[in-house]
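Here is a friendly briefing to read alongside the structure. It starts with the cysteines and then turns to the place where two chains meet.

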Amino acid sequence: MPNLARLRETGGFARLITTTPAQTPVAWSTFATGCNPGGHGIFDFIRRNPRTYLPDLALNRYEQKNMFLPPRAVNLRRGTPVWELLGARDIGSTVLRCPCTYPPDALLGQMLSGMGVPDVRGGLGTSTFYTSNPSAVSRESESLVRLPRGKGETVATHLIGPRNLKTGSDLQMEIAILLDPVGRRVVIHSSGSPEKLEVPLQSWSDWLRVKFKHGLLQSVRGLVRFHLLSLEPELELYASPINFDPDLPLYPISAPPGFAGDLAWRIGPYHTTGMAEDTSGLNNERISEEAFLDQCANVWREREAMMTLALERFESGLFYVLFDTPDRIQHMFWRFREPDHPAHRGTPPGHRFAAVIEECYRHCDAVVGKVLPAVDDQTLLIVLSDHGFNSFRRGVHLNTWLHDRGFLALRDGVRPGDDAGDLLRHVDWQRTKAYALGLSGIFLNLEDREEQGIVSADESDTIKTAIARGLADLRDEERNGVRAIRGVRPREDVYHGPYLEEAPDLVVNFASGYRVSWSSSMGGVAGGHIEDNVKKWSGDHIIDPDLVSGVLFMNRPFRGDGARLLDLAPTITAALGVPKGPAMEGESLLP
Amino acid sequence: MKILVLGLDCAAPELLFGFDDLPNLRRLMEVGAYGRIESVIPPITVPAWMCMATSQDPGSLGVYGFRSRTDHSYGNLAIVNARSITELAIWDQLARAGKRSIIVGVPPGYPPRRINGLSVGCFLTPDTSENVFTHPDELSDEIRRLVGDYPVDVKGFRTHDKSWLRDQIFAMSRTQFQVVRHLMQNHPWDYFQFVDIGLDRIHHGFWKYHDPHHVLHEPDSPYRDTVHDYYRHLDLEIGEVLELLTDETIVLVVSDHGAQRLDGGFCVNEWLVREGLLVLNSYPEEVTPFGRLDVNWEQTRVWSEGGYYARVFFNVKGREPRGVIDPSDYQPFRNEIKARFEATSDAAGKPLGTLVFKPEEIYRMTRNVAPDLIVHFGGLSWRSIGGVGYPAIHIRENDTGPDDCNHAQFGAFILAAPGSPLIGEIEGAHLLDVAPTLLERGGYEIPSSMQGRSLVTGSGTLQPAGKGQYTATEEQLVRDRLSGLGYI
């Protein structure tokens, strides 16, 4: 990695202390605001509603004031981001795809929103699997459309658009799939643009611009791509999540509002959803590793193109661009590096997928190489990551552990396992003291906070201590009794600031190779305490932050010892000659 | 601000919100609030519409059904008419503020109500070609000039001639909507209410064809879609009504109760005879209505009126002419009978799930002669059959002609009010909340005598969808929001 090596020599390299927990939205919000999560309010991908005990996405929400005003998106990342501070001093910023910038912040300059931007269905990404196989069932985060198994040359079907929240039904747009087995392709006819879209076998199509009619006057526009998985014996077609159209997004995704469309005019249509790479399609084993990598390459290209374009226009101030594809590739390809990973599935040694992660790092280095010509002696270049990576071999059923230790009760007759379902649906709240939800937290069922809280303020410390001690001693008996959890910390030890009350009561720091289980993250109470992770999503970073530091390079010498994500915002203000913000907790790393 | 109430008698939330080809109703739902609305006990057209208009429960109105006992004799029951109800309705409240109303077909609406504005009689009007069915009188002629004979009901809707019945109901409803639009455009109004009775008749006449779970379901019948077709007809008619409105109008689409399939009839007096509670001097040789039975009142303790539900009366010493139950035994005896009704089962011995109510426990007061018990057999999935002479307690056919459906406790509402913060699906609405909600949204005072509360401001008692539990809608929203988050 010659470019990064050069940076290390001229400036420096350091491990960067990340946030607790080590999650993308939490970490980049700390980067942007210079605050610990207690100061910006993002503690996890997932928050919970204490009235219903339901999880929800923690990054943003929607509010509607009355029937005549459309709903608007509200960013739940609070605090003051560094670009707002700079704007107040007439210093402009260009910010491309920073997580938790949806809806875009008010800033002097341009912003393209990143993680948090939904697809037209309102989630992070819901794909559609079209199949003529009558026994197919839908998998995670996907809609399934069964196609007739007829002999005809054309199959009439539809795209699934936004859900109408009032009626619960889906908006649809008709498409016709013209089969061309000889040409090993299908052609999709629709009222979208282009009217005829070619999808070659085992390839991604170009973008199709689509429009869903909603009510008399409204319509929702979007962008979708198809991947033709199979023509025979079954017709299997995969449609990506339907992205907001940058020209006319359902909710604003850029500042100024026309910036997203302007970029599309210059570089062509691009992914707008906050998490563009289709990890679910691969995890569901709908699309292949090759198809996933192909899509990742597309995202890289888009991001590089917008970076290059924006850099050309950039003169001074703050320039930020995020390349988050390395995160997705490490999540999905970690298994190939570890022959004993439960998800490795006997891939032969030396298989080219074993080198994908290394290639990805070299790609990062190449991106840095493309930036260097634009970096002069008046420019501070910072290259950083928000967190590192690790293996995800074993999932811990936190809720089942809480159940077996008497902290969580199920309604009469319900046992941990499939019957307990997800979303904490069979929890007996009158007898439950604590529950796990999200990726790193445990909540107490606290009186006057949770709808059916039973834990009084007086006893909460005792319960927290009991859970923390018990979990810290959780042994993985199937793996030589190693500890699955390095420690559990009460939130008061980790966070401070105006949003502390929104944090989970306990933060769980998992050991290397472990993570919260798929089930517990969504409020399931599965059977057993620890299970193998056999999914393709095989690497993760939601463990003890000490084990997954990020990296930091600069083109000037800096104080690398003990450098924290918290220190970056003050470093940026210092470099631009502006005092750091009053809420910023870190210190500039510049000498 | 004007108020328009479109009443759909018997509209079922499962159908009104379930059919996806009702674009005008959907549009109202999109801009407003909607949901189930709990009806009164009993959930019957009379008194339900007037409970809604007055925000008074049936006991407070002293009206317990179409027919009411006028005193404690064993004589016939009197049919309720418009004059049976003396409480002030919402249009009377508005008249106090000088506002004009037009009400069309709001039961009981005969004799025509004398209101500040216009009124057109309901299906209880004997004959609109001979009687004055409007207020003022001359409005009858105006309507006859517009549409000819004005139909208020389909006489004899419990018929086997389904083709005739269907055509009659559709034609009646079309004529009524034509009159409604004429009145809306040609007469001043601040409050307008119409009740379409055709939907109730369609449900009772055609439910078995549309519901495959009905015991008498006939698959592939030409009437399979008649119920659905009628909802589409209503949607189109309502669409044309909405064209006539300005933005400054509160629109409420509402039903007085819901509908459910009828599993059969429970012969309540037959059952009372077998239980030894009703004693006959001679058991009839053929099926005989209760009024023509030779009852031994000296030995009879309990009898009942039939209908959609059972009104059960006790023969109390000093209250009824030949009463036998000692007043001091009344309460324990009533508890015992209540328990026996609650234990009633179907022909196979499976409990029906019968609901039994004591009037004083469900009403704020009990005017006139209230039943001693009110019984919903199988939660109203069974009718109450009053006649005696049946070979069994459970029968399939109704005693007053074919009838496929019974009423359900929950009706439906859609409220689209400019500036209302009430949006989306609402739980916990009650029929008695309608008048206070409309008054509050319209900028009027809510009289303290009203028993409901505004769905908008009275949020103290409005259930925000379960305690510690979430609704299917909330769950779906969460799943949508988290879809594609690879970590979970």
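A disulfide is counted here when two cysteine sulfur atoms lie within 2.5 Å of each other. By that cut-off, this predicted model has zero disulfides over all chains. As for chain A and chain B, 54 residues of the former are in contact with 35 residues of the latter.

**Cysteines**
- A:C296 takes part in no disulfide: the nearest cysteine sulfur belongs to A:C360 and is 8.0 Å away.
- A:C296 is also buried, and its relative accessible area is 1%.
- In chain B, B:C267 is buried as well, with a relative accessible area of 0%.

**Between chain A and chain B**
- Together the two chains bury about 3,700 Å² between them, and carbon and sulfur atoms give 54% of that area.
- Four salt bridges are counted between chain A and chain B.
- For a salt bridge to look at, try B:R479 and A:D422, whose side chains meet at 2.9 Å, N to O.
- Polar contacts between chain A and chain B come to 14 residue pairs, with both residues at pLDDT 80 or more.

**The side of chain A that touches chain B**
- Strands giving two or more residues to this side are β2 (46–49), β3 (54–57) and β4 (60–63) of chain A.
- Helices of chain A that do so are α6 (279–283), α8 (325–333) and α13 (518–521).
- The largest share, four residues, comes from β3(A).
- Sorted by class, this side of chain A has 21 nonpolar, 19 polar and 14 charged residues.

Methods. Residues are numbered from 1 along each chain as its sequence is written. Chains are lettered from A and ligands numbered from 1 in the order in which they are written. This is a predicted model: local features need pLDDT of at least 70, side-chain atom pairs count only at pLDDT 80 or more; totals for chains, interfaces and linings use all residues. Side-chain values use heavy atoms; hydrogens and water are left out. Buried means under 20% relative accessible area, exposed over 50%, partly exposed in between (1.4 Å probe, protein chains only). Contact means heavy atoms within 4.5 Å. Buried area is the accessible area (1.4 Å probe) that two parts lose on being put together, summed over both. A polar contact is a pair of N or O atoms within 3.5 Å; within protein, one must be able to donate a hydrogen and the other to accept it, and residues adjacent in sequence count only if both atoms are side-chain atoms. Ala, Val, Leu, Ile, Met, Phe, Trp, Tyr, Cys and Pro count as nonpolar, Asp, Glu, Lys and Arg as charged, and the others, Gly among them, as polar.
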